[in-house]
Protein chains: 2
Amino acid sequence: MTELKEKIAGEITISENPGDVIKKWRKMFQVSQVELASHMDVASSVISDYEKGRRKPGTPLVKKIVESLIEIDNEKGGEVIERFSKPGQEGILSIGEFAKSIPLTTVVENVEGEFISEGKWEKEIYGYTVIDSIKAILSMKSFDYLSIYGWSTERILFFKGVEHGRSPLIAIRSTPLTPAAVSYIKPKKIDELSLKLAEEEGVPLIRTDLEVDELIKRLKNGCELP
Amino acid sequence: MTELKEKIAGEITISENPGDVIKKWRKMFQVSQVELASHMDVASSVISDYEKGRRKPGTPLVKKIVESLIEIDNEKGGEVIERFSKPGQEGILSIGEFAKSIPLTTVVENVEGEFISEGKWEKEIYGYTVIDSIKAILSMKSFDYLSIYGWSTERILFFKGVEHGRSPLIAIRSTPLTPAAVSYIKPKKIDELSLKLAEEEGVPLIRTDLEVDELIKRLKNGCELP
DNA sequence: CAGTTTTTTAGACTATTGACGAAATGCGGT
DNA sequence: ACCGCATTTCGTCAATAGTCTAAAAAACTG
């Protein structure tokens, strides 16, 4: 949902003619100016002024327009939103980029993790993705493994719902890209095959016993910004 | 490039604290307020006022900030931009969503196309993707076939650089999703196997002899908005 | 620690936005 | 042609953005 909001807001903002883009998305959501204005508690001529370019919207107003379109569609059953749901990303619980690269050892420390793989790993991490393995497996035919890389492959992947560690590694090996590191969230027992697979990929394995919510919180707060 | 700009602008706009997001991205690009301000030809205290939330940016200003960050990075070799390049999308020439669903027959008419597959096709099309098959093949190991679906699978895919029509269909069959239609741009000769493959997928094959630029233009102008 | 750079803060002024209401225009249906 | 609904246009005013300069505070480096 946030991604769609950002997409719309970004497109409006970057455009040479924000008014045209506002109008385009309003029509996409099949909402009249009167309806949008009513939802926003303004006069409909306000919407027209922006769409025709008489006024340039500030960010608070773009935010309000976008959120209103989303809310109106939800009230109508969410059909348009459904159409704009990207396929294959159901199992991604959280994904983000760090403001600066962070040493892997620091990330692991922050999430109270411990290395399963032996050796000294001096990688720099630029982002993270937290994945629910069960959901990913259930949508096996459609899960978009490439989407877990978001904006960079130099990231650490956290898998929840893993027992022995194999399936994420096998899936990762089926894509053309390689993450910087893989971590399991509260795994049962990591077997030797997983270690071997990871070694062949040059990917360090880590484990953490943090709760998922706490993990995500730490990734967002502890690693993203000073 | 546009996608990254929209991503940054969208995140700034949708945020409860745009100033914090502006600061985050400025730091990500490793640019000081002084440098950014100088590039934008304003006083550095202007940047501070926005980052600290004393002023709320209008869309023209967000646009200017984002474009300045990108330009500054380009001047420094583009390393940060490179880091944020999504892998696997090198062969996508153009991708877009229609404001409303359009009957396939109308789309085909607009691009002066003709059906190769027999029968009456009454599909509704929600978007398009124009793909350079040569580039996609060259980055064979990393081309992200799922990315061609953008925000919806209900789209028509146009393949440029196709001789007999097989490779796109084989590639499509290797992903878990199915497009609404497939069109070739100036193909040599479509062989029977391609027809058969398409038939098995329930995907109509179309051909068009438009130049790629003209095709993209028509898709953007003729189909996107009335 | 000192010096330099970066960021923040505050006051001030001009231009523009945010928003209204009323009138005009456009469009589709009967 | 008329009606109802949607959109556009325009004038107006209060509030806020866009921007400056100068000083203070914070951060960084050797």
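**Figure 1. Contacts of Gly58(A) and other residues with DNA strand C.** In this predicted model, a polar backbone atom of Gly58(A) is 2.9 Å from a phosphate oxygen of DNA strand C. A second phosphate contact comes from the other protein chain: an N or O atom in the side chain of Gln33(B) is 2.7 Å from a phosphate oxygen of this strand. A base is also reached, since a polar side-chain atom of Arg54(B) lies 2.9 Å from a base nitrogen of DNA strand C. Gly58(A) and Gln33(B) are among the closest of the 25 residues that surround the strand, a group that also includes Ala43(A), Tyr50(A) and Arg55(A).

**Figure 2. The protein surface near DNA strand C.** Both protein chains contribute helices to this surface. From chain A, helix 4 (44-51) supplies at least two residues, and from chain B, helix 2, helix 3 (33-40) and helix 4 (44-51) each do so. By class, the surface near DNA strand C has eleven charged residues, seven polar and seven nonpolar. On the DNA side, 51% of the atoms of strand C within 4 Å of the protein belong to sugar or phosphate, and the rest belong to bases.

**Figure 3. Contacts of Gln33(A), Arg54(A) and Arg55(B) with DNA strand D.** An N or O atom in the side chain of Gln33(A) is 2.6 Å from a phosphate oxygen of DNA strand D. Two arginine side chains reach base nitrogens of the strand. For Arg54(A), the distance from a side-chain N or O atom to a base nitrogen is 2.9 Å; for Arg55(B), the corresponding distance is 2.8 Å. Of the 25 residues that surround DNA strand D, the closest are Gln33(A), Ala43(B), Ser45(B), Tyr50(B) and Arg55(B).

**Figure 4. The protein surface near DNA strand D.** Helix 2 (18-28), helix 3 (33-40) and helix 4 of chain A each supply at least two residues of this surface, as does helix 4 of chain B. Its residues comprise seven nonpolar, seven polar and eleven charged. Among the atoms of DNA strand D within 4 Å of the protein, 50% belong to sugar or phosphate, with the rest belonging to bases.

**Figure 5. The relation between chain A and chain B.** Chain B is superposed on chain A by a rotation of 180 degrees with 0.0 Å of shift along its axis, and the RMSD is 0.1 Å. That relation is the one given by a two-fold axis. The same surface serves both copies, as 100% of the contact residues of chain B recur in chain A.

**Figure 6. The interface between chain A and chain B.** Each side of the contact is made of 44 residues, 44 from chain B and 44 from chain A. Between them the two chains bury about 4,300 Å², of which 69% is on carbon and sulfur atoms. In chain B, the residues that lose the most area to chain A are Ile14(B), Thr59(B) and Trp151(B), which together account for 19% of what that side buries.

**Figure 7. Polar features and composition of the interface.** Four salt bridges are counted between chain B and chain A. In one between these chains, the side chains of Lys7(A) and Glu6(B) meet at 3.4 Å, N to O. Six residue pairs are in polar contact between chain B and chain A, both residues being at pLDDT 80 or more. Helix 1 (2-14), helix 2 (18-28), helix 5 (59-75) and strand 1 (92-103) of chain B each supply at least two residues of the side that touches chain A. The largest share, ten residues, comes from helix 1 of chain B. By class, this side of chain B has 19 nonpolar, ten polar and 15 charged residues.

**Figure 8. A salt bridge within helix 5 of chain A.** The side chains of Lys63(A) and Glu67(A) meet in a salt bridge, with a distance of 3.4 Å, N to O. These residues are separated by about one helical turn because they are four residues apart in helix 5 (residues 59-75) of chain A. Over all chains, a search of the whole structure finds 34 salt bridges.

Note on methods. Residues numbered from 1 in each chain as written. Chains lettered and ligands numbered in written order. Predicted model: local features only at pLDDT ≥ 70, side-chain atom pairs only at ≥ 80, totals over all residues. Heavy atoms only, no water. Least-squares fit on C-alpha atoms with pLDDT ≥ 70 in both. Contact = heavy atoms within 4.5 Å. Buried area = accessible area lost by both parts, 1.4 Å probe. Polar contact = N/O pair within 3.5 Å; in protein donor to acceptor, adjacent residues only side chain to side chain. Nonpolar A, V, L, I, M, F, W, Y, C, P; charged D, E, K, R; others polar. Near = heavy atom within 4 Å.
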